[in-house]
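This report covers the cysteines, one helix pair and the confidence of the model. Start by looking over the sequence and the structure.

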Amino acid sequence: RPDALELAAADHQRVFGYALHPFAGVFLTPEARVGGACTAALEPLYARGGVDARRGEGPEHLATMCHALGRLSGAESDALADGAAGIVGHLRDLQRELLDAHVLAFFPPLAAAVRRVARPFPTALVDELEGLLALHRAALGGPARAVELPASALDLSDTSTGLGAIADTLTTPCFAGAFIGRHELGEVGRRHRLPKGFGGRSLQARNLLRAAVRFDALPSVMDELAALLETPATLAEPLAAFVAPWQARGRQTARMLREVAARAERFDAEHDAAADAEDRTR
């Protein structure tokens, strides 16, 4: 029988290795990828604080950011002991920037996604981390600077906008307002007895939506996904301000999904064309 450590490790891998990926770029960029704008912003910040972020999972990983916060906090403690007020102020500014512009910019949807998977160890981990981040941010003071999420270019009034574009929006967190992962897509598919297939999240979402059209379940699937996006995500004070942009974007996307549900017949032709193309390749 596996012991508690093995079970915790398995849950950790299932959540952070399969269900979602705790990298800033996955949540904050339109490409939903690591190694772009988020890394470019983090590397000089680490350099200014004397933090070596080359080890571990890379600059954008949540664990790397938490390690950097620990190093900066330790340096601040040393500076306080030395009476170096100027250095203390500099280090506190760096911590505030790292928290507001990076860690807390994507922690709300990450924590919500982890809690929806509902594995004991990862859920307890984000619960403890939430409390720690709240204490850290409160100690730093100053106004919270919540993230400004990029706007999606999705336009339902354009008749060329199809299920693929809708699926891509749903699986791009900064456009959707939440991280909708394999877990959620699988649950929705099972409840409606719809296949989602394999592959990345975007492909699975496309398969799910196309199956929903085929089996006349698109309105109910869209309503269920919209309800997920409308579910309020709460964080302890003083982190509530960082939730607001994600909640606003989630409500906006939910309205879009309900509009899709109301126009379900529009996507019948897309399904028929895709089926014809598949038949011709056989």
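A disulfide here is a pair of cysteine sulfur atoms within 2.5 Å. By this rule the structure has zero disulfides. The table lists two of the cysteines. Accessibility classes are buried (under 20% relative accessible area), exposed (over 50%) and partly exposed (in between), with a 1.4 Å probe and protein chains only.

| Cysteine | Closest cysteine sulfur | Distance | Relative accessible area | Class |
|---|---|---|---|---|
| Cys38 | Cys174 | 9.3 Å | 8% | buried |
| Cys66 | Cys38 | 15 Å | 25% | partly exposed |

Why is Cys38 not bonded to Cys174? The two sulfurs are too far apart for a bond.

This is a predicted model: local features need pLDDT of at least 70, side-chain atom pairs count only at pLDDT 80 or more, and totals for chains, interfaces and linings use all residues. Residues are numbered from 1 along each chain as its sequence is written, and side-chain values use heavy atoms, without hydrogens and water.

pLDDT is the predictor's confidence in each residue, from 0 to 100. The protein chain averages 90, and 94% of the residues score at least 70. Residues 275–282 stay under 50. That stretch has zero contacts (heavy atoms within 4.5 Å) beyond four places in sequence. Where pLDDT is low, the predicted coordinates should not be read in detail.

Now the helix pair. Helices are DSSP runs (H or I, at least four residues), numbered from the N terminus. Helix α7 (residues 163–170) packs against helix α12 (residues 240–262) at about 155°, axes 12 Å apart. So α7 is roughly antiparallel to α12 (an angle over 145 degrees). Ile166, Thr169 and Leu170 in α7 meet Thr253, Met256, Leu257 and Val260 in α12.

Methods
Axes fitted to C-alpha atoms, helices over the stretch in contact; angles between N-to-C directions. Helix = DSSP H or I, 4+ residues; strand = E, 2+ residues; numbered from the N terminus. Parallel < 35°, antiparallel > 145°, perpendicular 65-115°, else oblique.
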